[in-house]
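Biologist: Please pick one part of this chain and take me through it closely. After that, I'd like to hear how the rest of the chain is arranged around it.

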Amino acid sequence: AQNITYLSDAVKTLPWLDSYNQMDLISQIKELHLPLNHERLLLDVLTSHFKNPVFLRSDNVMESVSSTPIITFSSHLDSLLGGGILPGEIIEFLGEPGSGTTQMCLQLAVDCTIPKTFGGRNCRSLIVDCNGDTCEIRLNQMAEAALAHLNVITSNNEEREVISRLTAKDMLNNIDTVRCTDYTQLLALINSMSEKCDYGAVIIDALATHFRHEFDDMRQRTNILAELSNKLHKLCMKNDVSLVIVNQVRTGSEGGVQPCLGESWSHTAHRRVFLRRVSGDVYSATLMKGEKSGETTDFRISSRGIRDCPSQATSMK
């Protein structure tokens, strides 16, 4: 708090601040990768001194802190993520084929539609399918399972009234899917949502698909990725969107696996989560970037979707 007071006093001495591009300022603050609460405080201090603050005026920004996160249906995984995925946040899931990244995307899309009465976000979600992997049958399975779970936990008249009118079809009607077959379509889609986005969550599976093999000029790829990163941050901040990105992995020069898209791209997401299959229906999630970096927990992918393992303990790696 004392540091914030000092910062506030210092900001008052900066006569050029009001002429500074506010969107560029947000992007630069995002690149610091501060804890979310520190980031919000810093934005609050800075925007309070703009003569003509635009959308980033902290009423909007601070509201995100208390807004409902998107849960995963695994309490252990949600705990690893600090309660879930917040509005205005970019989270990146990465892993090898079969590591559960697409299943995670489908589950999060369904969970966005949970009514507020049950502690859900009750928002629309968009799945941006870069691989052609989105399975409507699997989405329906997860929606049916989520609805069954809500029926089980219903405990009062308000919840009973809501659940009596809710169907899996209603939940699926709040999930849109768009297929992007190359990076130009992806950029055009993000551009179309930059000013106004009707979705509470945008889920891109898998962004790396169109950037691993479509470029001979790596400098051009780096520049396009930097532009895309900036646009994604603006999309999140201006519209309070939760952005979920799936990245792929490659074999590193010294063995093991590394995230694709290079070092500069690694600064895009606020948090990065590495997924891998352990055995059978058991998977693990390791937070590679974030407040609990290095912590790992297990979860299951069952016929119902993402769930806790019957017995598990969170461990530090």
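Modeller: Let's start with the hairpin that joins S10 to S11 through two residues. Strands and helices here are DSSP runs numbered from the N terminus, with at least two residues (E) for a strand and at least four (H or I) for a helix. This is a predicted model, in which local features need pLDDT of at least 70, side-chain atom pairs count only at pLDDT 80 or more, and totals for chains, interfaces and linings use all residues. Residues are numbered from 1 along each chain as its sequence is written, and side-chain values use heavy atoms, with hydrogens and water left out.

S10 covers residues 295-302 and S11 covers residues 305-307. The two run antiparallel and are joined by three bridges; strands count as paired if DSSP finds at least two bridges between them. If you look for a landmark, Ile301 has Ile306 of S11 as its bridge partner.

S10 also pairs with S9 (residues 282-289), again antiparallel, this time over five bridges. There, Val282 faces Arg300 of S10. The S9-S10 hairpin has five residues between its strands, and Gly290 takes a positive phi near 140° in that hairpin. Seven of the eight residues of S10 are buried, so the strand is largely enclosed by the rest of the structure. Buried means under 20% relative accessible area, exposed means over 50%, and partly exposed lies in between (1.4 Å probe, protein chains only).

The packing gives some more context. Phe299, which lies within the S10 range, is among the residues that touch the most other members of the largest nonpolar core, a set of 44 residues. Ile85, Phe93, Met104, Leu108, Val110 and Val273 share that distinction. A nonpolar core is a set of buried Ala, Val, Leu, Ile, Met, Phe, Trp, Tyr and Cys residues joined through side-chain atoms within 4.5 Å. Val273 is a handy one to click on: beyond its neighbours within four places in sequence, its contacts (heavy atoms within 4.5 Å) are Leu81, Ile91, Glu92, Phe93, Leu94, Ala285, Thr286 and Leu287. There is also a second, separate core of 32 residues, with Tyr199, Ile204, Leu228 and Trp265 among them.

Ile204 takes us to S4 (residues 201-205), where five of five residues are buried. Ala201, Ile203 and Asp205 point one way from S4, while Val202 and Ile204 point the other way. S4 pairs in the parallel sense with S2 (residues 125-129) over five bridges, and Ser125 has Ala201 as its bridge partner. S4 is also parallel to S5 (residues 242-247), with four bridges between them, and here Val202 is partnered by Leu243. From S4 the chain passes through H11 (residues 218-239) to reach S5, making a right-handed β-α-β crossover. Right-handed means that, with the strands pointing away from the viewer, the path from the first strand over the helix to the second runs clockwise.

A few backbone details are worth a look too. The peptide bond between Asp205 and Ala206 is cis, with omega about -5°, and Ala206 sits in the loop between S4 and H11. Two residues that are not glycines have positive phi: Phe73 at about 80° and Asn122 at about 55°. Phe73 is in the loop between H4 (58-66) and H5 (75-80), and is buried at 12% relative accessibility. Asn122 lies in the loop between H6 (101-111) and S2, and is partly exposed, with a relative accessible area of 44%.

Stepping back, the chain has twelve helices and twelve strands, and 51% of its 317 residues are buried. Among contacts with a separation of 6 or more, 67% are between residues 24 or more positions apart.

Finally, a word on confidence. Mean pLDDT, the predictor's confidence in each residue from 0 to 100, is 82 for the chain, and 76% of the residues reach 70 or more. It stays under 50 over residues 51-66, for which the model has 34 contacts beyond four places in sequence. Residues 313-317 also stay under 50, with ten such contacts. Where pLDDT is low, the predicted coordinates should not be read in detail.
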